[in-house]
Amino acid sequence: MHTVKRIHLALALTAIAVATAPLYAQWPAFSSPSIPRTPDGKVDLKAPAPRLPDGKPDISGVWETAPCPDCAPPVIDGLSPTPGSGQAAAQGRGAAPAAQGQGRGNAQGGGRGRGNPFARNVFGNVGGSTPEGEAPYQPWAKELVQKRTADNSKDNPDAHCLPMGIMQMDSHPYPKKIIQAPTEVLMIYEGSGTTVREILMDGRPLPKKEDVEPWWNGYSVGHWEGDTLVVETTGLMDDGWLDVRGSPLTSAAKLTERIRRINYGYLEIKVTIDDPKAYTKPFDAIVYSRIMPTAQLSEFVCIDKDAAHYIGSQQQQSQPPQPQK
């Protein structure tokens, strides 16, 4: 089942769960004795970040996207807040109340209905973390984004079972799992068909993009700067999508992720996008994730290869695109 359809299904199931029974993942919840807890038995999200024997922060775990370090993660349709199922994971995967401002969003990262406090979430709009609220597009890139927005993002790789790219995976509403080892870090993304990304930490230099075959997710090397894991990526393919609205990424790009575990419960990923072909200057996108201490990833295979769920039925497709307001 395709990601967007799965998200829409999750919304419906969550609404039912609020009134009936809690939802469960494929693995039954397992509570490790190492999870820090408050005196009343709840997960202590503000406990100190755990550390490995070498003193480095332990960033391992299953994480889901949250709008801020003290926010419970909603289930997101990519563009707006919705009732949370994931936010209950740290409490044992029970049903959660509906979030204020619930409503479907558009491809610009905005929302329709009763307001959208996540209008700047970077999954829908990679420039949402900037003071301007928009990436510093080159003229051709801005024109392309406007066209993709008018087309309801029908060409998003996610709509065609193609790799979404690092930025969409880092900010995706579906969970990611981090496995940390001394010489490499593995990141597994449920929302992209359980894509496995390898970050090499064995001292090798970042390859020159002209020396390697371009990959969807490029080539990543990492090193520690204090308590921050710095990951540099190059060797990317042309025509990548940074967000749902269609902000482009080209082969000229270099991505630098700075991953910091704020405390037991929250992770900050600050991504600097440096792509002079598509943007007038480098800019940052910031993603927060919340731990899911009793959860594991669900198995997911993308098999739906049409974008009808992006652009509607055949009848709807025959209508000319409506101008964006």
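Visitor: Does Cys68 count as buried or partly exposed, and at what relative accessibility?
Guide: This is a predicted model. In it, buried means under 20% relative accessible area, and exposed means over 50%. Cys68 falls between those two limits, so Cys68 counts as partly exposed, at 23%.

Visitor: Which residue does Cys68 form a disulfide with?
Guide: A search of the whole structure finds one disulfide. Its two sulfur atoms lie 1.8 Å apart. The cut-off for a disulfide is 2.5 Å, so the pair qualifies. The partner of Cys68 is Cys71.

Visitor: Is the link of Cys68 and Cys71 left-handed or right-handed?
Guide: Look along the S-S bond. The angle about that bond is 80°. That makes the link right-handed.

Visitor: What is the relative accessibility of Cys71?
Guide: Cys71 counts as partly exposed. Its value therefore lies between the limits for buried and exposed, 20% and 50%. For Cys71 it is 21%.

Visitor: Let us step back to the whole chain. How many helices and strands make up the secondary structure of the protein?
Guide: The protein has 325 residues, and 51% of them count as buried. Its secondary structure comes to five helices and eleven strands.

Visitor: Among contacts between residues at least 6 apart in sequence, what percentage join residues at least 24 apart?
Guide: Start with the contacts between residues at least 6 apart. Then keep those whose residues are at least 24 apart. That share is 60%.

Visitor: What percentage of the area that the protein exposes do carbon and sulfur atoms supply?
Guide: The protein exposes about 15300 Å². The share supplied by carbon and sulfur atoms is 55%.

Visitor: Now the charged side chains. Which residue meets Arg245 in a salt bridge at 3.7 Å, N to O?
Guide: The cut-off for a salt bridge is 4 Å, so a distance of 3.7 Å qualifies. Arg245 sits in the loop between strand 7 and strand 8. Its partner is in the loop between strand 1 and helix 2, 111 residues apart from Arg245. That partner is Glu134.

Visitor: Is Arg245 buried or exposed?
Guide: Its partner Glu134 is partly exposed, at 30% relative accessibility. Arg245 has a relative accessibility of 7%. The limit for buried is 20%, so Arg245 counts as buried.

Visitor: Which residue is linked with Glu134 and Arg245 in a network of salt bridges?
Guide: By the rule used here, the count comes to twelve salt bridges. Some of them join up, and Glu134 and Arg245 belong to a network. The other member named is Lys142.

Visitor: How far apart are the N and O atoms where Arg204 and Asp202 meet in a salt bridge?
Guide: Arg204 is partly exposed, at 44%. Asp202 is partly exposed too, at 41%. Their salt bridge has an N to O distance of 2.7 Å.

Visitor: Turn to the rings. What is the angle between the planes of Tyr137 and Tyr279?
Guide: The count comes to three aromatic pairs. In this one, the centres are 5.6 Å apart and the pair is tilted. Tilted covers what is neither under 30 degrees nor over 60, and the angle here is 35°.

Visitor: Why does the pair of Tyr137 and Tyr279 tie together parts that are far along the sequence, and how many residues apart are they?
Guide: Tyr137 lies in the loop between strand 1 and helix 2. Tyr279 lies in the loop between strand 10 and strand 11, so the pair joins parts separated in sequence by 142 residues.

Visitor: Which residue do ring pairs link with Tyr137 and Tyr279 into a cluster?
Guide: Both Tyr137 and Tyr279 are buried. Ring pairs extend the group to a cluster, and the added residue is Phe283.

Visitor: Which side chain does a polar contact of 2.7 Å join to Ser247?
Guide: Ser247 lies in the loop between strand 7 and strand 8. Ser247 is buried, with a relative accessible area of 0%. Residues that Ser247 touches include Val126, Trp241 and Tyr279. Its polar contact is with Tyr137.

Visitor: What distance separates the C-alpha atoms of Pro282 and Pro136?
Guide: Pro282 is in the loop between strand 10 and strand 11. Pro282 is partly exposed, at 45%. Along the chain, Pro282 and Pro136 are 146 residues apart. Their C-alpha atoms are separated by 8.1 Å.

Conventions
Residues numbered from 1 in each chain as written. Predicted model: local features only at pLDDT ≥ 70, side-chain atom pairs only at ≥ 80, totals over all residues. Heavy atoms only, no water. Helix = DSSP H or I, 4+ residues; strand = E, 2+ residues; numbered from the N terminus. Buried < 20%, exposed > 50% of the residue type's maximum accessible area, 1.4 Å probe, protein only. Contact = heavy atoms within 4.5 Å. Areas by Shrake-Rupley, 256 points an atom, 1.4 Å probe, with all protein chains shown as cover. Phe/Tyr/Trp six-rings, centres within 6.5 Å; stacked < 30°, edge-to-face > 60°. Polar contact = N/O pair within 3.5 Å; in protein donor to acceptor, adjacent residues only side chain to side chain. Lists of a residue's contacts leave out its neighbours within four places in sequence.
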